[in-house]
Amino acid sequence: MGAQTPIFFEWYWERLGNFKYAFVVPVVANATHGFLYPAGAAQDVQDNWCFHLLLLGALRYICQQLWTSYSRLHCLVKKHQINACGIEFEQVDREFHSDNHMLLQLLFLLAAHSWLPGFSNLPMWNMRGLIILLLLHAGPVEFLYYWIHRAFHSQPLLFQSYHSFHHLSVVTEPPTGSVTTMLEQVLQTGLIGVVMVGTVMLGGGSISMIYIYLLAFDSLKCMGHCNCEFIPATLFQLFPIAKYLLYTPSYHSLHHTELHYNFCLFMPLYDYLGGTVHPNTLPFFASLRKGKAEEELVPDFIFLAHCIDVLTSLHVSFCIRTLAAYPFTPHWFLWLLWLPTLICLFPFWMWAQTFVAYQYILDNLNCVTCVIPRHGFQYFLPFYKDNINKHIEKAILNADAKGVKVVSLAALNKNEELNGGGALFVEKHKDLRVRVVHGNTLTAAVIIKQLPVDVKEVFMTGATSKLGRAIALYLCQRGVRVLMFTKSKERFDKIAKEAPQDMRHNLIQVTKFQAGQNCKTWLFGKWTLNADQRWAPPGTNFHQFVVPAVNGIRKDCTYAPVAGMMLPKQVIGVHTCEVIMPRKAVHACHAGGLVHALEGWKHHEVGAVDVDRIDVVWEAAMKHGFSSVT
């Protein structure tokens, strides 16, 4: 933060990074000691206070995660979603420390237990106390919060110095509700203290009071920011008074777009009494509950992806949003989730259908990335071939029926052995209106443009694949010698015959890696063992079009990134990284489908890559603002 940062704007412990959790260690030690040595434990250990605080903290994290997962599950929220796009990486970064309030309130509860009379040895349950708690919240807390919140909006100094930070998020998510300045959370924690201390002083304190109030408080905060109007209209029709007692997600979303309305915490009663209910509140709620028309939900472009392996299954926006906002890295803590994730994948493989992972807008295109419920290893099992093709075919036919313009196939979904690069579906359904695109033309262009402009010779594995063939033919026609690593004379000869007669001498079949020991430009189109890379001379530039990417083990060589493209600057709503790609970058085949849709081309791009169109597609990508990943 800068020198002019207002006092208590910054959460000072954020400067410590993950070390901000260090003060939780004594709490864990205290709780552990109480279990191991209950007889000789101190008073604060005997009532398991630290254990309850840790359990409560875990439940609060789970609560926020469940609400976040719900808000990002397109299949659940699509019809009543308030804002379909608008969340960006900057917002996810800004909301990273959405647990600050939990840590602050943990300190408050530790202090209350040590210093305030009546906060130790509480009973587990006290029904009278829960009634007192409800009355204290509905009265003093809601009243005070309303006027404090209204003051933070009506006083320019308070809004500009503090509350504007929370309102940087116009399209909200569950963690948004907890992302405020330190001053605001201190005030909010004070209001929570009014309820808890008041209940204890009136003789109604209990352990369940703390669990119920804080979990309900968090849940209602998350609900108001979940960006989906799921509250049924029948609730307010059967109980008209409910509109004064319970706010809704659409009610609070209006507060984020129209700053001077709907200030309440959870009870709109105080907005009605204060005359600050937005006039469009009820019509907005009714329109959202009516739901979006089916045609409003139809995308223009679908990128049909697939799962890769167990760990990367967690790299979807509805699992761990902060993880998905960065290129995938197998962090140590993910390995702790490997077995539970694998167990969950078995029912996923049995019953899951193709689902929407995320959506975004590019120019006038409504774009979504859908995922086939199959993992990489399954594509290499012969008995899964028909099953996978059925999933892809169903997705294409559903897109065609709805009026989608382009379906682009990712990686293994266009495998030659699986469906001939998508040709199987086009040949089977000759009247398809949706354009099926494998995107390999742009992938080939990206790889070619990565090569040095003065390259004279390249060594290539996977040389007879769709991409290998296209790259080899393109380069040989421009006078580049291509050492094609393949043991199939038949496949090599077939490709060589496609080259112009006077250029065929540039295509050379090789069967050993030693053939590339004097070549400083290598292209990997097939998985290559680490030992095979040692044949490359020092200073070699490695390029690749293989999934998964080869290991970068040579410190004396350089490795070009996997073929990808940065999305144009005008893209809206991208908040998830495409596996290992940088932020706002997609694999080249994904970009190829987008270019196809943006250009409005009417042909399918399936089967073999048309070498003559490589430059055409590249120039179209440049025209629309795409750029190479560096």
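**Exercise 1.** Is Asp300 buried or exposed? Work that out, then place its salt bridge in the chain.

*Solution.* Keep in mind that we're working with a predicted model.
- Step 1: Asp300 has a relative accessible area of 17%. Buried means under 20%, so Asp300 is buried.
- Step 2: Now the partner. Asp300 makes a salt bridge with Lys405, and the closest N and O atoms are 3.9 Å apart. The cut-off is within 4 Å, so the pair counts.
- Step 3: Where do the two sit? Lys405 is in the loop between α19 (385–402) and β4 (406–409), while Asp300 is in the loop between α15 (281–290) and β1 (301–306). With 105 residues separating them, the pair links distant parts of the chain.
- Step 4: Check the lysine end too. Lys405 has 44% relative accessibility, so it counts as partly exposed.

**Exercise 2.** Find which residue Glu498 pairs with in a salt bridge, and describe the surroundings of both ends.

*Solution.*
- Step 1: The partner is Arg469, with the closest N and O atoms 2.9 Å apart.
- Step 2: Glu498 belongs to the loop between α24 (489–496) and β8 (507–510), and Arg469 to helix α23 (residues 466–476). They're 29 residues apart, and this pair, too, links distant parts of the chain.
- Step 3: Arg469 comes out at 13% relative accessible area, so call it buried. Glu498, at 39% relative accessibility, is partly exposed.

**Exercise 3.** Lys489 has a salt-bridge partner in Asp493. Work out how the two are arranged along the chain.

*Solution.*
- Step 1: The closest N and O atoms of Lys489 and Asp493 are 2.9 Å apart.
- Step 2: Both residues lie in helix α24, four residues apart, which is about one turn of the helix.
- Step 3: Lys489 has 49% relative accessibility and Asp493 a relative accessible area of 25%, so each one is partly exposed.
- Step 4: Some bridges share partners: Arg72, Glu95, Glu173 and Arg321 are joined that way into one network. The structure holds 17 salt bridges.

**Exercise 4.** Take the residues that UniProt lists as "transmembrane region" and see what the model does with 191–216 and 332–352.

*Solution.*
- Step 1: The unreviewed UniProt entry gives residues 102–122, 129–148, 191–216 and 332–352.
- Step 2: Residues 191–216 are 81% helix and 0% strand, and their end C-alpha atoms lie 15 Å apart.
- Step 3: Residues 332–352 are 86% helix and 0% strand, and here the end C-alpha atoms lie 28 Å apart.

Notes: Residues are numbered from 1 along each chain as its sequence is written. This is a predicted model: local features need pLDDT of at least 70, side-chain atom pairs count only at pLDDT 80 or more; totals for chains, interfaces and linings use all residues. Side-chain values use heavy atoms; hydrogens and water are left out. A salt bridge is a side-chain nitrogen of Lys or Arg within 4 Å of a carboxyl oxygen of Asp or Glu. Buried means under 20% relative accessible area, exposed over 50%, partly exposed in between (1.4 Å probe, protein chains only). UniProt positions are given in the numbering used here, feature names are shortened, and annotations may be inferred rather than shown by experiment.
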